[in-house]
Amino acid sequence: MGTTGIQVFIILVYIGVLFGISWYVKHKAAASTEAYVLAGRKLTTPLIMVSIVGLAVGGASTIGVAEQAYKVGLSAGWYTAAWGIGAIVMGLTVAKKYRQLNITTVPELLERYYDRRSMVAGIGCQVLVQLVIMSLQYVAGGAILAALMPNIFTPVTGMLTSAVVFIGITLIGGMWSASQSNVLNVTLQYIGITVAAFLILGMAGGIDVVAIQAPSITSMDLISGVGPMTIVTWIVVLITVNVSLQAIIQISLGAKDVQTARKGFIIGGLVMLPVGFIAALLGVIAAEMYPAISPTTALPKLIMSLNPWIAGVTLASLWAADVSTACNLLLSAATLYSHDIHKQFIDPNMSDKKYMTVTRISVLLLGLLTLGFALTISGIISTLMAGLSLMTAFAVIVLIAWMFVPAVRVLPHVIYAEWIVCAVTFCGISFVSKKAIATDGLIEEAKTVGAPAQH
């Protein structure tokens, strides 16, 4: 079997296994809409852990980090580490509280705290941000497939193939598909990229030779390539994202109890910390070995220099990591529409069966919409950070002012302005209004929250 035949075989087997897992859990997802969008709130600690890792360590955290490292060096790895730090903060602070509230979406929480207008604003920002991130998964997926099988795929046809898998798996099994698939995806992804890094580092002559031949003086520096302010900004943005993005919160809401949610996020965050620096190291090596290629193809190009079987499995696992991220994002965006728009404003009395149908149709339509966005995107990390800045308490006004009024740009990044404005606004409203959050639906048993359930 030739190299192309091996790669085709591997990717087809992987796609087959992912769809097989989805069909296997389909009966669980079909039990109710809650089972479809939240896995019936029955996810265990390992499933929470692989779900958050699978969501975070997708195209941006591997292909995107290697792309950035190709240009600036090892410090690009802090992007993925910032995801890990954000997940740990989520686990230590609000993951338990979110699960305790027994909500389904973030806008639902906003309506409890404030009013329906706040919920509508939250829906708009959440959907917009998640569509931006979702679009990037198509870009990364297309790059991987084009590198894996250049005689078969272009970046565009790779995006189209990725779209079929992303949408198909989510349609079949919802949260159950995403979580169960992540067990395979995350395991093979970590094994694949670690083995690839070990072999490629050996081919390059070892870490000392890589350091000597580095394309710039900052290539092997953990700080100066992107700079300390950028690193701090990534951490601030991704802590914000972890405590406010619907796709992430939806994972915690699927946990079987509050302690499971908390432990899953902390363990997942710890697992994330090193993988970005491995991807960054490969990006630096790619810059040495292939100085004239597109930075976006750095990691796939480098991995393709390995044994066809190892290269095929590694790139297939990186592509499957895109599946993990995309499925969670697509499902959460569809949930926002079906739960917070359709059910609230269009058909409040719809049956659970119709609720499920609306959610699945939303998965399909939003998946096609984000594919359209993906065809116009370039620069994975830069695009992602622009979108994620919206997550600071939905500070749309601040972001608009930042973009169109240069005089307000007195801070190094819009995220800091958003934090300040939102903190002042939140504290001011809390001081003026003493209305407590509504606790309807807060049904956790006493053993999971350490106190009698509130009603």
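# From one buried residue to the whole fold

N185 has its place in helix 10, where a helix is a DSSP run of H or I with at least four residues, a strand is a run of E with at least two, and both are numbered from the N terminus. The model in front of you is predicted, so local features are described only where pLDDT is at least 70 and side-chain atom pairs only at pLDDT 80 or more, while totals for chains, interfaces and linings use all residues. Residues are numbered from 1 along each chain as its sequence is written, and side-chain values use heavy atoms, with hydrogens and water left out.

With a relative accessible area of 0%, N185 is buried; that word means under 20% relative accessible area, whereas exposed means over 50% and partly exposed covers the range in between, for a 1.4 Å probe and protein chains only. When its neighbours within four places in sequence are set aside, N185 is in contact with Y14, L18, A320 and S324, contact being heavy atoms within 4.5 Å.

We can now step back to the protein as a whole. Its secondary structure consists of 22 helices and zero strands. Of its 455 residues, 58% count as buried. If we consider the contacts between residues at least 6 apart in sequence, 82% of them join residues at least 24 apart. The protein exposes about 17600 Å², and carbon and sulfur atoms supply 70% of that area, as computed by the Shrake-Rupley method with a 1.4 Å probe.

What lies among the buried residues? In soluble globular proteins, nonpolar side chains tend to be buried together. Here the largest nonpolar core has 132 residues, and those with the most contacts inside it are W83, Y138, I248, F265, M272, I303 and W319. Helix 10, which spans residues 155-203, gives the largest share of this core, with 16 residues. A nonpolar core, in this sense, is a set of buried Ala, Val, Leu, Ile, Met, Phe, Trp, Tyr and Cys residues joined through side-chain atoms within 4.5 Å. To look at one member in detail, take I303, which, apart from neighbours within four places in sequence, is in contact with A196, I200, A311, T314, L315 and L318. There is also a second, separate core of five residues, among them V398, L399, W402 and V414.

The next stop is helix 8, which covers residues 106-113 and is largely enclosed by the rest of the structure, because six of its eight residues are buried. The buried residues of helix 8 are V106, P107, E108, L109, L110 and R112. They pack against four other helices, namely helix 7 (95-101), helix 9 (116-148), helix 13 (246-253) and helix 17.

The chain just before helix 8 also deserves a look, since N102 lies in the loop between helix 7 and helix 8. Although N102 is not a glycine, it has a positive phi of about 60°, and with a relative accessible area of 13% this residue is buried. A39 offers another example: in the loop between helix 3 and helix 4 (45-56), this residue has a phi near 55°, which is a positive value in a residue other than glycine. A39 counts as buried, at 0% relative accessibility.

Finally, we can follow three places where the fold brings together residues from separate parts of the chain. L128, in helix 9, is partly exposed, with a relative accessible area of 46%. Along the chain, L128 and A333 are 205 residues apart, yet their C-alpha atoms are separated by 8.9 Å. K26 belongs to helix 2 (residues 26-29) and counts as partly exposed, at 31% relative accessibility. Between K26 and G174 the separation is 148 residues in sequence and 8.3 Å in space, C-alpha to C-alpha. G372, for its part, is found in helix 18, where it counts as partly exposed at 34% relative accessibility. Its partner is S135, 237 residues apart from G372 along the chain, and the C-alpha atoms of these two residues are separated by 8.0 Å.
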